[in-house]
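Visitor: I'd like to walk through this one and hear the reasoning behind each label. Can you show it to me?

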Amino acid sequence: MNEPRQPRNLPRAKKHFGQNFLTDTHVLSRIVKSSGIDKNTCVVEIGPGTGALTEYLLASAKHVLAYEIDKDLIPFLKERFAKETNFTLKQQDILKVQIDQDLATVFPDNMDIVVVSNLPYYITTPILMRFLETTHRVKRMVFMVQYEVGKRFTSKPNTKDYNALSIAIQYRANAKLLFKVPRTVFVPVPNVDSAVVELDILEHPLYPVDNETFFFEFIKNLFGQRRKTVVNNLVSTYPTFSKDQIMEALLEEGLDPQVRAEAIDLEKTISFANRIHGLLKQE
Ligand code: SAM
């Protein structure tokens, strides 16, 4: 493919929107190849920016639904892709979108949906959590993320990278760090390196969660303050419980009552969440 066409009179990149535009055609085509998309795939793109990645996605996918928060970029994108009939552009904050409602409108049938994005790094975790929490229609997600954050996706207990995001991802997906990307391929150059990661959404999670809404809140609370024990994090969140009740629940799971969240693996975290959810229902 030729060099991406950059629209003229482009506004300056806005730092507060996490704008670092990808300029390397090799990296762009590698992202699209890794996404495994074809002419049957519907793509959701978060933050098309000036449309560098969008151009590759439009050439490969059936349809692209893109959300861009920056209203100054909308005229450029409209002009750049004026001739494309498989493009839907929305000027919206992705964190405020009712994802399932939009998907039902734009991609109504039982279509393959893949999310692809060179993410705005200042909101990587909320974006990911929102997709994991609120939709079951997405089959795969391929994201450019900050390298240090990408390591969390596959991290294991008792490592510094293991947190609520690792658990949420590993509960819903098979995560792979695909390749590292140097900072020099972005304009402006950010002060971190990046990585492309793939989340293959599991049709059936390995360990069943009784109530997903509760589970996602619970894991955030479990890691509320990383240096605190699980008991101390949870008593402040669920004041109906005493410390003794939480310690007892931990013991029943075969866990140390002084344990910290970072030491509990995925299976045990889910089992413990289900137990606490069951106890709350009895209250
Ligand atoms: N896709 C382009 C590329 O690869 O060059 C731009 C990537 S840039 C890292 C992130 C993009 O996300 C920017 O265009 C930014 O304006 C947009 N963005 C930031 N916050 C957003 C939000 N809350 N909702 C939707 N788009 C957002």
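Guide: Sure. Keep in mind that this is a predicted model. Let's start with the charged pairs.

Visitor: What makes Lys-14 and Asp-72 a salt bridge?

Guide: The cut-off is a Lys or Arg side-chain nitrogen within 4 Å of an Asp or Glu carboxyl oxygen. For Lys-14 and Asp-72 the N to O distance is 2.7 Å, so the pair passes the 4 Å test. Lys-14 sits in the segment before strand S1 (21-22), and Asp-72 in the loop between strand S3 (63-68) and helix H3 (74-80), so the bridge ties together parts 58 residues apart in sequence.

Visitor: Why is Lys-14 called buried?

Guide: Buried means under 20% relative accessible area. Lys-14 has 17%, so the label is buried.

Visitor: And which label does Asp-72 get, buried or partly exposed?

Guide: Partly exposed, because Asp-72 has a relative accessible area of 35%, and that label covers the range between the 20% and 50% limits.

Visitor: How many salt bridges does the rule find?

Guide: The count comes to 16 salt bridges.

Visitor: How do you know that Lys-220 and Glu-133 form a salt bridge?

Guide: Same kind of check: their side chains come to 2.9 Å, N to O, with the limit at 4 Å. Here the link runs between distant parts of the chain, from helix H8 (residues 212-222), where Lys-220 lies, to helix H5 (residues 124-134), where Glu-133 lies, 87 residues apart. Lys-220 is partly exposed at 31%, and Glu-133 is partly exposed too, at 28%.

Visitor: What makes Lys-220 and Glu-217 a salt bridge?

Guide: Their closest N and O atoms are 3.5 Å apart, again within the 4 Å limit. Lys-220 and Glu-217 are three residues apart in helix H8, which means about one helical turn separates them. Glu-217, at 39%, is partly exposed. Elsewhere, Glu-252, Glu-253, Lys-268 and Arg-275 are joined into one network by salt bridges that share partners.

Visitor: Now the nonpolar side. Which residues touch the most other members of the largest core?

Guide: Phe-131, Phe-153, Phe-218 and Phe-272, in a core of 62 residues. Both domain 1 (15-201) and domain 2 (212-282) contribute residues to this core, so it lies between them. In soluble globular proteins, nonpolar side chains tend to be buried together.

Visitor: What does Phe-218 touch?

Guide: Setting aside residues up to four places away in sequence, Phe-218 touches Leu-234, Tyr-238, Thr-269, Phe-272, Ala-273 and Ile-276. There is also a second, separate core of 28 residues, with Val-32, Ala-52, Phe-81 and Tyr-121 among its members.

Visitor: How do you know that domain 1 and domain 2 are in contact?

Guide: Contact needs heavy atoms within 4.5 Å. By that test, 16 residues of domain 1 are in contact with 15 residues of domain 2. The C-alpha centres of the two domains lie 32 Å apart. Together the domains bury about 1,300 Å² between them, 66% of it on carbon and sulfur atoms. On the domain 1 side, Tyr-162, Ile-167 and Tyr-171 lose the most area to domain 2, together 41% of what that side buries.

Visitor: How many salt bridges and polar contacts run between domain 1 and domain 2?

Guide: The salt bridge count is one, and eight residue pairs are in polar contact across the interface. The elements giving two or more residues to the domain 1 side are H5 and helix H7 (164-172). H7 gives the most, with six residues.

Visitor: Let's finish inside helix H7, with Gln-170. Why is Gln-170 called buried?

Guide: Its relative accessible area is 15%, and buried means under 20%, so Gln-170 qualifies. The side chain of Gln-170 reaches the backbone oxygen of Phe-153 at 3.0 Å. Leaving aside neighbours within four places in sequence, Gln-170 is in contact with Arg-152, Phe-153, Thr-154, Ser-155, Lys-156, Leu-202 and Leu-266.

How values were computed. Residues numbered from 1 in each chain as written. Predicted model: local features only at pLDDT ≥ 70, side-chain atom pairs only at ≥ 80, totals over all residues. Heavy atoms only, no water. Helix = DSSP H or I, 4+ residues; strand = E, 2+ residues; numbered from the N terminus. Buried < 20%, exposed > 50% of the residue type's maximum accessible area, 1.4 Å probe, protein only. Core = buried A, V, L, I, M, F, W, Y, C linked by side-chain atoms within 4.5 Å. Domains from an automatic or database assignment. Buried area = accessible area lost by both parts, 1.4 Å probe. Polar contact = N/O pair within 3.5 Å; in protein donor to acceptor, adjacent residues only side chain to side chain.
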